[in-house]
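Take a moment to turn the model around on your screen before reading on. The paragraphs after it are meant as a relaxed tour for someone seeing it for the first time.

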Amino acid sequence: MQTQKIWLLILFSTVVSIIPLKVVSQSPVPLSSQVQPSPLQSESIVKDSSPNDSDAAVTLAAARFKVFTVGLNIGSRNINPGLLVRGEEDGTKAIDFENWLIPYDAVIEALKLNVTTLNDGRLEIRSSGIVTRINPKDLRNDPELGLVFSIQDLQKLFGVKSQFDINEYAIVLDIPWLNLDNSNNFDDSDIPVILEGLPLLKPGKFNIAALEQRVNVTGNGSFSPSYTGDFQAVGTAFDGSWFIRSTQPNLQNIRTWNIAEAQFLRQTDQTDYFVGSQPTFWQSQGTGDYWGFTLIERQGFTPPEYFYAGASDPRQRLQAASISRTISGEAEPGTLVRLVQGFGNKVIAEVLIDSSRIYRFENIKNKNGIYGSNYRVFLYPQGRLTAPPEIREATSSTVAGQIPAGTSAWVISGGLRRNLTNQSLVGNFSDFGGGIYRRWGLSQNLTVGFGGVYDESLKGLAELFWRPNNFPLQVAVSALAGNELNLNTDIRYNPSPNLSASFISDKFSSRFYADWRVLPNFSLFTTVDSRSATSGGIQFNYSQGNFYTFGRASLDTENNFRWFLLQGLGRIALNLQGNEIGALSELTYNLSENSTYSYGHALLLNYETRSQNSNDNLLTLGWKYRSKERASDGNYLWEAELGYGIGSQGNGILASLGTTVLPGMMLRGRYQAVSLTSDESSFSLELVSSLGLQRGLSAGDRHSQYFRTQGGLMIQPFLDKNQNGKLDRGESIYTENSDLLLLVNNQPIKRLQPSIQSDRINIRLYPGTYRLDIDPAGFPVDWQASTDAIAVNVVAGSYTSVMIPLIRSYTLSGVVTDAQGNAIAGVRVEAIQLSTGKRRFSVTNSAGVYYLEGLQQGENELQINGKSIGSIKLEESSEPLQEINIKQP
């Protein structure tokens, strides 16, 4: 084994020395799609089912498919006659069509999507009909197609349905926003959200939104079971959120419980207030957690609208949602230069080059954080738009922490350190700490910050964020100087999509990472860490037919060899991984038709070893099942595993069962008679229950902590039979066709991933004022809304309750005749509601037929050509459609 490691190190060194470094200029891809090696990534041994299983399953799905050419249609119109996809068909139909893979660029171009990268790394995707956000790490990277979407991704992320037409041999996309007017090639601002004139609905001053309790029970053959727990409560107070979390080390002894977190948080575009437990805005050196008050005041910029749900870190609120950039360059006189969005055809601005040969686009908003903007420059020679343009990338990015030029932010904080003690609910407070800090945007490339803090001693704080123009370097430095200097740095250099390097240091260590994609399927990487050995390795992947392999291996200067190998052949999958501590080998045979291995039945054969201080081993043969259905939080509705293990510590049964079938609850249990390192039997039981307290008791979604920074809408449309505007006994709530019934800020609610239950529609949103429209397309038959739109104020901590009464809609129809009984065309028939003055009219057709719809309960006066002919009273018991023939006076 030692000889093999030495030969591998020699081979790696030889490859590095003889392969020339070739930097290829390509269109930039999100940096997150490039592998960023972690010193911990290859050291962990997977012992049971984990999220990695799902990622591996998706990778194996592609192994069953092959790459071939099809057409791409939007409806009946072909937009791409030769598109490479990964899939399979048997001559009559597509096989497992929902898992076919389509290139990322083809989807962006076909759907006319504008892609930007947010400060938290997520991609914001916009078009005339959709605004959504995805994590670039969730995108798959096919060895031949590059970044890809699956067919089910198109439906899930964009609401675009697809089918494969075997006769046309093309994928046909059904784009919901296809009929929207996109004739204007220049950039249109988003459809304005008009709130003026709408009735405003505000949330209550105080409420409790949700409670969540987690209970864990563990035990083995030698000790009695232990019971631990964790309790959370969240709600709204004074237009902000409050949150309490209690840890319960001994669930049976209330004296051991303590308050782990208690915080009030109010965030606006200009000012934030943090009260209670919170992180410090500086890199703290003290012990214990920090409780106090922090004020953030921003001048000239707003923070990112979206950040990680549930996070409440003051440092996240010190960066800007967008930074103005200047994009410039040189071109020949007479050249028409257009700045366009990177993946679309929307023109941001244009300029005709004069004798200066310089083009300049100023005040261009970069909303893409550290991952770069999505703009391109099109140069048309001699201003001829019919000529193919020269395309230049206009990539610019910002360092996390940068703010626009001429803006600034203040932070003031003060508080105490809290140390928990046994049998103390809140602990002991001591050791004052605090500070003041200001950050300035000196230019579009440079942001600096200075301040002072007291944390056990007086210290100075200085920060610098720099991103030069036209050079792929990013620098972020933070220094805290007192009795000693604590320096944090983050320097990244990305000259091309094939090469990336970064240097990161903190008080613990300094680390250097480099990744070089030598070939499309072959990469070299290295990691240098001041606290551990230097390592280098290779990564490769290969796919052909129904065979797929992915491997990663490294060797460090202390002769520690780490490896990971994933292979798939049809229904068989092999997973091998290991390091200096132990190794795991897993063979899986899929018994279900599901090619992704993410659900269904499978047989497992595991062999695990542990070489550290012993020579333990365990061989397991078992069966695993996962249901196709999942709960709203992503957990499987049913999950089970049963097996038998034989190893150095003995043998016995291994079993686990998990379910989320009960609303608001998740239950998991596991029993093992033997383990890798022990011959004692053990068991564990986990129960998580979540309860919503708004508008009565309801099942929670086990994401109560999201309310710390989010609010939302709790919408309850109901059939208001007596038309009193209140939900009375016997009146039912209507949640059918909610995707058609409701729009939030001009978007169908399905874009916002609502939770639709039988008695409510919950939509999570960030604080702000939203427009809620009630669309007649979703009305139940013979019902209508009493109002068309309202404005709703959303605050963090809870849902804002919105009751939408749907009232009966009556229709009058008949024939207007003259005295001789002849039908009269062109007569205006009008109904006027006496209580409100609302009017409905109809003009008779050639057969003398009129049609008055949308009438409400109450007394309605009927007129013909402005002359009254009587009235009709519509009541709750009235028929929704009534025929009334009229003789003209």
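What follows is a walk from the chain as a whole down to a few particular spots.

A word on ground rules: this is a predicted model, in which local features need pLDDT of at least 70 and side-chain atom pairs count only at pLDDT 80 or more, while totals for chains, interfaces and linings use all residues. Residues are numbered from 1 along each chain as its sequence is written, and side-chain values use heavy atoms, with hydrogens and water left out.

Let's start with the big picture. The protein chain has five helices and 61 strands; these are DSSP runs numbered from the N terminus, with at least four residues for a helix (H or I) and at least two for a strand (E). Of its 889 residues, 46% are buried. Buried here means under 20% relative accessible area, exposed means over 50%, and partly exposed is in between, using a 1.4 Å probe and protein chains only. Now take the contacts (heavy atoms within 4.5 Å) between residues at least 6 apart in sequence: 53% of them join residues at least 24 apart.

One sheet makes a handy first stop. Strands of a sheet pair through backbone hydrogen bonds, either parallel or antiparallel. In this open sheet, five strands run in the order E11-E52-E50-E46-E47, with mixed pairing; two strands pair if DSSP finds at least two bridges between them. Strand E11 (200-201) and strand E47 (747-748) are at the edges with a single partner strand each, so one side of each has no neighbour in the sheet. E11 pairs with strand E52 (residues 789-794) in the parallel sense, over two bridges. There, Leu201 stands opposite Val792 in E52.

Next, find Ser241, which belongs to strand E14 (residues 240-248). Its relative accessibility is 2%, so Ser241 counts as buried. What does Ser241 touch, leaving aside residues up to four places away in sequence? Its contacts are Gly235, Gln263, Phe264, Leu265, Phe707, Arg708, Ala796 and Gly797. Ser241 and Thr709 are 468 residues apart in sequence, yet 7.2 Å apart in space, C-alpha to C-alpha. A polar atom of the Ser241 side chain also lies 2.7 Å from the backbone oxygen of Arg708.

Arg708 is worth following further. Its side chain meets that of Glu261 in a salt bridge, at 3.1 Å from N to O; the rule is a side-chain nitrogen of Lys or Arg within 4 Å of a carboxyl oxygen of Asp or Glu. Arg708 is in the loop between strand E44 (698-699) and strand E45 (711-719), and Glu261 is in strand E15 (residues 258-267), so the pair ties together parts 447 residues apart in sequence. Arg708 is buried, with a relative accessible area of 8%, whereas Glu261 is partly exposed at 22% relative accessibility. Both belong to a network of salt bridges that links Asp230, Arg245, Glu261 and Arg708.

In total, the count comes to 23 salt bridges. Another of them joins Arg764 to Asp701, with the closest N and O atoms 2.9 Å apart. Since Arg764 lies in strand E49 (residues 761-765) and Asp701 in the loop between E44 and E45, the pair ties together parts 63 residues apart in sequence. Asp701 is partly exposed, with a relative accessible area of 22%. The charged end of Arg764 also sits over the ring of Phe707, 4.3 Å from its centre. For that label, NZ of Lys or CZ of Arg must be within 6 Å of the ring centre and within 35 degrees of the ring normal. Elsewhere, Arg808 lies over the face of Trp783, 5.2 Å from the ring centre.

Rings also meet rings, and there are 19 aromatic pairs. Rings of Phe, Tyr and Trp (its six-membered ring) pair if their centres lie within 6.5 Å, with planes under 30 degrees apart called stacked, over 60 edge-to-face and the rest tilted. Phe68 and Trp100 have ring centres 5.6 Å apart and planes at 85°, so this pair is edge-to-face. Phe68 sits in strand E1 (residues 66-74) and Trp100 in the loop between strand E2 (77-87) and strand E3 (101-103), 32 residues apart. Both Phe68 and Trp100 are buried. Ring pairs link these two with Phe97, Phe164 and Tyr169 in a cluster.

Terms used
A polar contact is a pair of N or O atoms within 3.5 Å; within protein, one must be able to donate a hydrogen and the other to accept it, and residues adjacent in sequence count only if both atoms are side-chain atoms.
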